[in-house]
Amino acid sequence: MSSQEVDFDVIVVGGGVAGAVCAYRLAEAGRQVVLIERGGEPGSKNLSGGVFYCRVMEQVFPGFADEAPVERRITRNVLSFLNESSCVNIDYWDARLAEPVNAVTVLRAKLDAWLAARCEDVGVMVMPGVRVDELIFDGQQCVGVRAGEDELRAHVVVAADGVNSFLAQGSGIRAKEPAKHLAVGVKSVIGLSRAVIQDRFHVTGNDGVAYAFVGDCTQTVAGGGFLYTNLKSVSVGVVLRLDDLAAKGLTASDVHDHFLAHPAVAPLIEGGELLEYGCHLTIEDGPAMAGHDLTRPGLIIIGDAAGFTLNTGLTIRGMDLAAGSAIAASDVIAAALDAVDYSQQAMDAYTAALATTFVGADMKTYARAPAFLEVPRMYRDYGLLLADVFHGIYDLDLTPRRHLLGTATRAFKGSGLKFRHVLRDGWAAVRAL
Amino acid sequence: MTDFGSIQDRLALNTYALDEGQNHIEVHQDVARATGTGKLLVRVCPAHVYTEEPDGTITAAYAACLECGTCLAVAAPGSLTWHYPRGGFGVAYREG
């Protein structure tokens, strides 16, 4: 089609981190951009666990951690192996994580509204309350979007419509995702005063803590629990892999409630006021999901819609990858607009560009992490074993003491685990995670 | 331990713009029953949108939907039609 028939240079569908960053950069470069969002307000449909590894945002919004409505700067990370009546924590605090700011907690209704406002600052037409129903193709070429009776046309369409990406599925780019690639996050935001958060979590100022739990938090369903401190609330909940949730016969909200009532968790939220109960689908096997094509002539898929989420066991990442993929896409689209070339070849520069960024590199590095996280021993046996080792150390029951090796060996023998499994899992862990 | 009430009580704290003109969820009863999807939907939906009635049919209280898409992801082919509510309708998170 000829260029005079377009309404915008670029249509971006979805006002999350990916969509907003992509739209912002293109408009900043002088392009005509519309950002279409189905929520009545940008951010109103968006929910994430809440830790944003935000260093990448400095490239787009210098001073992001100071300017944007972020909650707390995460300087303390706790990995918690949770059992029914015990837990073993690795508690890591480091002042270096504060300068430069590495990770912040966010509440998306606030953050994404801010991102949309920054988009408007540089001339993006932000169009909330509009659900895009399908992409419009002219042969193989994507030429626009349809929302109800309305059609909008552009040189390039960016699908940033999230994990469910009806656009990618509807246009045949992505098949239905297997349940084992997906997980449901169920989260409560619980209000606590600043003073209580400082006392309870040993944080000062705007510093915060991020807990990752594995084990009894999910009642053996593959996945985990999390608790993140915000300024005046905590985000707490579980992430449950869908195939395993289905197989174990449990109810998602019950698993969430079991976690919040756990003796290691309940005191952390005691006396709090529920501000919001929400949920969101998330990606457990991003590397597998992002393996499909990410482009068509005139079309680029970014963020969760493309599958850019990583669960490395220790860090859970999505928003940083969303921003990284959006930056790569905006560079490629800007070049395509300059060259007036929206062919498959021009769009494929996106795939090549991603490979040179941390997004492509990390998706590759962690390609085997999802397979490792399928090991069922992760969700029960190893937590119990750790607690038994420490119980052997600290429970001075008047029997003669053994050295650590003897204590550990006894705990191991009592665990029913097989040495070759532990060896294999340990070796896989250090290579996959 | 702090009691946060039933799921219905908790959802009552959320803001929704109810689309009275359009239900965005449709359970196809025969397939849902034959495949076991019906009972699965009741369990996996964090908002308790789905209920199994005494006669085995699955009803969907679409007004409570948090729009995560979990139901669609686990539903057997042909058992469920689910899409996002029309633009501007449905849940509006204030925290997220």
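Mentor: Let's start with a term: two residues are in contact when they have heavy atoms within 4.5 Å. What we're looking at is a predicted model, where local features need pLDDT of at least 70, side-chain atom pairs count only at pLDDT 80 or more, and totals for chains, interfaces and linings use all residues. Residues are numbered from 1 along each chain as its sequence is written, chains are lettered from A and ligands numbered from 1 in the order in which they are written, and side-chain values use heavy atoms, with hydrogens and water left out.

Trainee: Okay, how many residues does each chain bring to the contact?

Mentor: Chain A gives 50 residues and chain B gives 38 residues.

Trainee: And how do I put a size on that interface?

Mentor: People often quote the accessible area lost when the parts come together. It is found with a 1.4 Å probe and summed over both parts. Here chain A and chain B bury about 3700 Å², with 55% of it on carbon and sulfur atoms.

Trainee: How many salt bridges are there between chain A and chain B?

Mentor: Four. The rule asks for a side-chain nitrogen of Lys or Arg within 4 Å of a carboxyl oxygen of Asp or Glu. Take Asp257(A) and Arg10(B): their side chains meet in a salt bridge at 2.8 Å, N to O.

Trainee: Which element gives the largest share of chain A's side?

Mentor: Strand E15(A), with eight residues. Helices (H or I, at least four residues) and strands (E, at least two) are DSSP runs, numbered from the N terminus. By class, chain A's side has 24 nonpolar, 15 polar and 11 charged residues. Ala, Val, Leu, Ile, Met, Phe, Trp, Tyr, Cys and Pro count as nonpolar, Asp, Glu, Lys and Arg as charged, and the others, Gly among them, as polar.

Trainee: Now helices. How do I read a packed pair?

Mentor: You describe it by the angle between the axes and the distance between them. The axes are lines fitted to C-alpha atoms, for helices over the stretch in contact, and angles run from 0 to 180 degrees between N-to-C directions. In chain A, the axes of H1 (residues 17–28) and H10 (residues 319–339) come within 8 Å and cross at roughly 30 degrees. Their contact has 13 nonpolar, one polar and two charged residues.

Trainee: What is the angle between H10(A) and H11(A)?

Mentor: About 145 degrees, with the axes 9 Å apart. On the H11(A) side, the contact includes Met347(A) and Tyr350(A). By class there are 10 nonpolar, one polar and no charged residues.

Trainee: Is the peptide bond from Glu99(A) to Pro100(A) cis or trans?

Mentor: Cis, with omega near -5 degrees. Pro100(A) sits in the loop between strands E5 and E6 of chain A.

Trainee: What is phi of Gln219(A) near?

Mentor: Near 50 degrees, a positive value in a residue other than glycine. Gln219(A) lies in the loop between strands E12 and E13 of chain A.

How values were computed. Buried area is the accessible area (1.4 Å probe) that two parts lose on being put together, summed over both.
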